[in-house]
Amino acid sequence: MTSGGATASGPATEQELFARLERLGIAVTTTRHPPVFTVADAKALRGQLPGAHTKNLFLKDKKQMLWLVVALEDRAIDLKALRLRIGAAPLSFASAETLRATMGVEPGSVTPFALINDARAVVRVVLDAGMMRAEILNFHPLVNTATTAITACGLLAFLRSCGHEPAIVDLEGA
């Protein structure tokens with residue numbers, strides 16, 4: 001296994017993700033549910049899951065840099081304003097092919113946990129400062145049929161173990 005988590009046979013599995021989190025001493029709780037593809041789907045199905053709920057934007061800028069922007073689910077994100085806030089060239093959504101090749105997940109399953117598969121650490125990570133003030137954060141564990149709760153400190157420890165030092169940015173009004 002590489003430092004990122006992907007193996008020669010393909011991207012890390014959900015079980016490999018959980019094993020990595022356990023080795024790091026990061027406690028998580030996972031709830032299974034039908035597949036969700038949008039924030040609206042997630043809101044309808046999540047029931048009473050505590051903690052902050054999020055959206056994950058996998059973006060590419062005009063200089064071909066890749067970005068994962070993780071924000072509170074109701075945060076309005078204007079790509080032009082975001083670009084200025086994070087110091088990126090003009091931004092657009094990356095293709096499904098780029099997502100699969102870099103993060104090892106399908107559209108609808110974008111998550112910071114997928115950085116386990118970014119062995120070369122090419123994705124720049126931006127975390128919403130407002131989100132990081134929450135006690136518990138919720139993300140898909142590489143698949144959109146479950147939601148995994150993790151603390152903000154646990155998320156940072158996981159990202160750093162994958163070779164990513166995220167920028168924590170105030171995205172309100174971005």
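Let's start with helix H4, residues 96-103, where Leu 99, Thr 102 and Met 103 are the buried residues. These three cover an arc of only 85° around the axis, so they sit on the same side of H4. There's a simple bit of geometry behind patterns like this. An α-helix has 3.6 residues a turn, so residues three or four places apart point the same way. Now turn to the other side of H4: here Glu 97 and Ala 101 are exposed. Keep in mind as you look around that this is a predicted model.

What do the buried residues of H4 pack against? Their partners are strand S2 (52-61), strand S3 (66-72) and strand S5 (123-128). Right after H4 comes Gly 104, with a positive phi near 70°.

**The nonpolar cores**

Met 103 from H4 turns up again in the largest nonpolar core, which has 33 residues. Which of its members touch the most other members? They are Met 103, Leu 127, Leu 137 and Phe 158. Several elements give two or more residues to this core: helix H1 (14-23), S2, S3, H4, S5, helix H5 (129-132), strand S6 (136-139) and helix H6 (152-161). H6 gives the most, with five residues. Apart from this core lies another one, made of 14 residues, including Trp 67, Ile 86, Ala 88 and Val 169.

Leu 127 is worth a click in the viewer. Leaving out residues up to four places away in sequence, Leu 127 touches Val 70, Met 132, Leu 155, Leu 156, Leu 159, Pro 166, Ala 167, Ile 168 and Val 169.

Now for H6 itself. Its buried residues include Ala 152, Gly 154, Leu 155, Leu 156, Phe 158 and Leu 159. What covers them? The cover includes H1, S5, H5, S6, S7 and strand S8 (167-169). Just as H4 is followed by a glycine with positive phi, H6 is followed by Gly 163, whose phi is positive and near 85°.

**Positive phi outside glycine**

Most residues other than glycine have a negative phi, and most peptide bonds are trans. Two residues here go the other way on phi. Ala 121 isn't a glycine, yet its phi is positive, about 50°. You'll find Ala 121 in the loop between H4 and S5. Leu 142 also has a positive phi, near 80°, and its place is the loop between S6 and strand S7 (146-151).

How well covered are these loop residues? The table sets them beside Ala 89, a residue of the loop between helix H3 (79-86) and strand S4 (91-93).

| Residue | Relative accessible area | Class |
|---|---|---|
| Ala 121 | 34% | partly exposed |
| Leu 142 | 8% | buried |
| Ala 89 | 10% | buried |

So what is Ala 89 in contact with, leaving aside its neighbours within four places in sequence? The answer is Asp 61, Lys 62, Lys 63 and Arg 83. You can also pick Ala 89 and Ala 167 and compare where they sit: they are 78 residues apart along the chain, and their C-alpha atoms are separated by 16 Å.

**The largest pocket**

How do you find a pocket at all? Rolling a probe the size of a water molecule over the atoms shows where empty space is left. The largest pocket here has a volume of about 560 Å³. Its lining is made of 29 residues, and those nearest its centre are Phe 37, Lys 55, Asn 56, Gly 108 and His 140. Helix H2 (39-45), S2, H4 and S6 each supply at least two lining residues. Which element gives the most to the lining? That's S2, with six residues.

**The cysteines**

How many disulfides are there? The count comes to zero. To be counted, two cysteine sulfur atoms must be within 2.5 Å. The cysteine sulfur closest to that of Cys 153 belongs to Cys 162, and it is 16 Å away, so it is too far for a bond. Look at it from Cys 162 and the story repeats: the closest cysteine sulfur is in Cys 153, again 16 Å away and too far for a bond. Are these cysteines buried or exposed? Cys 153 counts as exposed, at 64% relative accessibility, whereas Cys 162 counts as buried, at 3%.

Technical notes: Residues numbered from 1 in each chain as written. Predicted model: local features only at pLDDT ≥ 70, side-chain atom pairs only at ≥ 80, totals over all residues. Heavy atoms only, no water. Buried < 20%, exposed > 50% of the residue type's maximum accessible area, 1.4 Å probe, protein only. Helix = DSSP H or I, 4+ residues; strand = E, 2+ residues; numbered from the N terminus. Arc of directions from axis to C-beta. Contact = heavy atoms within 4.5 Å. Core = buried A, V, L, I, M, F, W, Y, C linked by side-chain atoms within 4.5 Å. 1 Å grid on protein atoms, 1.4 Å probe; cavity = no way out; pocket = protein on both sides within 12 Å on 5 of 7 lines; lining within 4 Å. Points joined across faces, edges and corners; volume = space filled by probe spheres on them.
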